[in-house]
Amino acid sequence: MSSAITSLTHLWTRIECRFDRELAMADHVATDAAQPVGALRVKLGLDAPAVDLIVALATPAVEPSATSRWRDHFDNRSPRVDDLVAALACSPQDERALREALLPSSPLVASGVVTLNGNDSMLHGQREVRIDDRVVAYFAGQDAIDRRLFEVATQHRALPHAFDLEAATQLERALKLPGPIVIEGAARTGKVTAAVAAIVAMGGAAITIDIAALLAGDDPAGRLALARRETVLGNTTLVLRAASWEDSWPIGVRRSILGMLESGVAVLAVREGQSMPRTLGGVRRIKVAMPDVATQVVMWRSILGDVAEIEQVCARYPLPPGDIMIAATEVRAETTLAGRTPGLGDLLVAARVQLRQRLGDVAELVSTQLSMTDVVLRDDVAARVRELVDAVRLRDQVMVEWGFAEKLPYGRSISALLSGPPGTGKTMVATVIGKQLGLEVFRVDLSK
């Protein structure tokens with residue numbers, strides 16, 4: 001039996017005697033702040049009668065002897081508010097405290113730890129009192145998230161293999177201060193990963209939730225309420241992920257997200273934070289940018305180790321952290337299964353797969369069997385093509401080693417416009433350039 005269950009059943013023995021009226025003056029249960037019940041008491045600011053209440057509701061679900069006594073006392077039915085008050089109150093003061101603890105606005109009920117069944121037209125004393133299975137599991141020392149969140153949420157308790165250290169450090173500092181936090185950055189630049197790293201580094205657990213998946217399922221507002229309850233049951237922070245804030249989201253979802261951001265139990269990761277509601281005051285916006293080549297190399301090596309070819313792959317395929325984690329993990333799994341060391345071919349294939357997945361249906365991969373010696377160009381055009389190839393090959397040397405990246409805050413990309421009538425070889429030249437550089441060439445359908 002776990003220490004959490006042992007502690008819970010020990011508390012139950014102090015409560016059980018109250019079912020015998022001659023022992024009705026028994027002391028309130030004492031709680032250890034290191035145990036789940038005590039931790040919840042501190043977090044919600046519960047008084048002694050409220051703690052008695054949750055112990056009385058939770059213990060019969062994990063302790064057979066308590067289950068039998070519970071059923072006998074309440075005639076095999078769920079207790080109502082009046083029933084619990086009558087069973088647990090040792091004084092008029094206790095009765096008042098217990099009834100207050102079971103009001104809809106009380107911390108115990110508002111947090112979802114205890115639920116009241118029945119409609120609002122019923123007398124409060126006649127409403128059934130229940131404790132959810134997830135809460136019982138928490139009191140028993142189990143930390144898995146509510147199963148109703150499995151489709152839309154993931155729990156994280158360990159540091160990610162690779163993340164943006166600077167962004168994670170900024171977020172860690174921000175989490176120590178009150179106020180809403182929004183993390184911004186392009187798709188798959190590692191916003192969520194940096195948030196998870198910051199939360200775990202502070203000794204907590206993170207739960208990531210995909211808002212799109214949440215809205216596509218049943219009862220999104222209800223699931224958000226379950227997610228918020230997870231922050232009450234443990235040292236947990238939610239990381240909510242969305243492409244952008246949308247005023248078209250259901251009002252209940254918007255209110256819930258805003259409430260969680262304002263209370264500091266959640267952070268929001270979006271591509272840009274300009275659209276955040278003005279009602280969300282004092283927002284701290286942390287921006288996550290595409291990592292440089294050196295950082296990308298570190299991220300690959302954090303998963304694969306010191307593979308020599310990683311630098312070549314990063315120079316050819318600069319990927320955001322999210323893609324690097326997926327690609328490197330796949331390479332490690334495949335090569336470990338085959339019993340060999342990762343090579344350049346493995347890394348290139350994995351990187352290409354991520355690139356193709358990001359382009360989706362808007363682009364088509366094109367290739368050629370020709371080489372530059374097969375292309376006939378005027379001397380001036382051939383010189384421009386060679387210049388373009390050299391610019392790509394030497395880009396990192398010029399930008400990073402020579403320090404030009406610091407002088408050019410924007411406009412660092414290399415672009416070329418090939419113009420001419422149909423059939424003059426524009427696409428052929430582009431594919432030959434790509435082949436010479438060892439890069440894929442994608443033909444993009446602008447109509448898509």
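This is a friendly conversation about a predicted model, in which a student asks for reasons and a tutor gives them.

Student: Let's begin with α13. What makes the span of this helix agree with the expected one?

Tutor: Helix α13 covers residues 251–263, which is 13 residues. The expected span is 1.5 Å times one less than the number of residues, and for α13 that comes to 18 Å. From its first C-alpha to its last, α13 reaches 18 Å, so the two values are close.

Student: Which residues of α13 are buried, and what do they pack against?

Tutor: The buried ones are Val253, Ser256, Ile257, Leu258, Gly259, Met260 and Leu261. They pack against the strands β4 (181–184), β6 (236–241) and β7 (266–270), and also against the helices α11 (211–216) and α12 (220–233).

Student: What comes just after α13?

Tutor: Gly264 follows α13, and its phi is positive, near 85°. In the loop between α13 and β7 you will also find Val265.

Student: Why is Val265 called buried?

Tutor: Buried means under 20% relative accessible area. Val265 has 18%, so Val265 counts as buried. Leaving out residues up to four places away in sequence, Val265 touches Arg228, Thr231, Thr237, Leu238 and Met260.

Student: Asp219 also sits in a loop. Why is Asp219 called exposed?

Tutor: Exposed means over 50% relative accessible area. Asp219 is at 52%, so the word exposed applies. Its place is the loop between α11 and α12.

Student: What is noted about the phi of Asp219?

Tutor: The phi of Asp219 is near 45°, a positive value in a residue other than glycine. Most residues other than glycine have a negative phi.

Student: Now for rings. How many aromatic pairs does the structure hold?

Tutor: The structure holds two aromatic pairs. One of them is formed by Tyr138 and Phe139.

Student: Why is the pair of Tyr138 and Phe139 called tilted?

Tutor: Take the distance before the angle. Ring centres must lie within 6.5 Å to pair, and here they are 5.4 Å apart, centre to centre. Planes under 30 degrees apart count as stacked and over 60 as edge-to-face, with the rest tilted. The angle between these planes is 50°, so this pair is tilted.

Student: Are Tyr138 and Phe139 buried or exposed?

Tutor: Tyr138 is buried, with a relative accessible area of 10%. Phe139 is buried too, with 1%.

Student: How are helices α5 and α6 placed against each other?

Tutor: Helix α5 (residues 81–88) and helix α6 (residues 92–101) pack at an angle of about 145°, and their axes are 9 Å apart. Their crossing is right-handed.

Student: Which residues make that contact?

Tutor: From α5 come Val81, Asp82, Val85 and Leu88, and from α6 come Asp94, Glu95, Leu98 and Arg99. They divide into four nonpolar, no polar and four charged.

Student: Let's go on to α17. How do you know that its span agrees with the expected one?

Tutor: The 16 residues of α17 should span 22 Å at 1.5 Å a residue, and the end C-alpha atoms are 23 Å apart, which agrees.

Student: Why is Asp346 in α17 called buried?

Tutor: Asp346 lies in helix α17 (residues 344–359). Its relative accessibility is 18%, and the cut-off is under 20%, so Asp346 counts as buried. Leaving aside neighbours within four places in sequence, Asp346 is in contact with Val331, Thr335, Arg340 and Thr341.

Student: Which other residues of α17 are buried, and what does the buried set pack against?

Tutor: Besides Asp346, the buried residues of α17 are Leu347, Leu348, Ala350, Ala351 and Gln354. The buried residues pack against α14, α15 (310–316) and α16 (321–338).

Student: Ile303 belongs to α14. What makes Ile303 buried?

Tutor: Ile303 is in helix α14 (residues 293–304). Its relative accessibility is 7%, and buried means under 20%, so Ile303 counts as buried. Not counting residues up to four places away in sequence, Ile303 touches His161, Met325, Ala328, Thr329 and Arg332.

Student: And why is Ala66 called buried?

Tutor: Ala66, in helix α4 (residues 64–73), has 0% relative accessibility, so Ala66 falls under the 20% cut-off and counts as buried.

Methods
Residues are numbered from 1 along each chain as its sequence is written. This is a predicted model: local features need pLDDT of at least 70, side-chain atom pairs count only at pLDDT 80 or more; totals for chains, interfaces and linings use all residues. Side-chain values use heavy atoms; hydrogens and water are left out. Helices (H or I, at least four residues) and strands (E, at least two) are DSSP runs, numbered from the N terminus. Buried means under 20% relative accessible area, exposed over 50%, partly exposed in between (1.4 Å probe, protein chains only). Contact means heavy atoms within 4.5 Å. Rings of Phe, Tyr and Trp (its six-membered ring) pair if their centres lie within 6.5 Å; planes under 30 degrees apart count as stacked, over 60 as edge-to-face and the rest as tilted. Axes are lines fitted to C-alpha atoms, for helices over the stretch in contact, and angles run from 0 to 180 degrees between N-to-C directions. A crossing is left-handed if the near helix is turned anticlockwise from the far one by less than a right angle, and right-handed if clockwise. Ala, Val, Leu, Ile, Met, Phe, Trp, Tyr, Cys and Pro count as nonpolar, Asp, Glu, Lys and Arg as charged, and the others, Gly among them, as polar.
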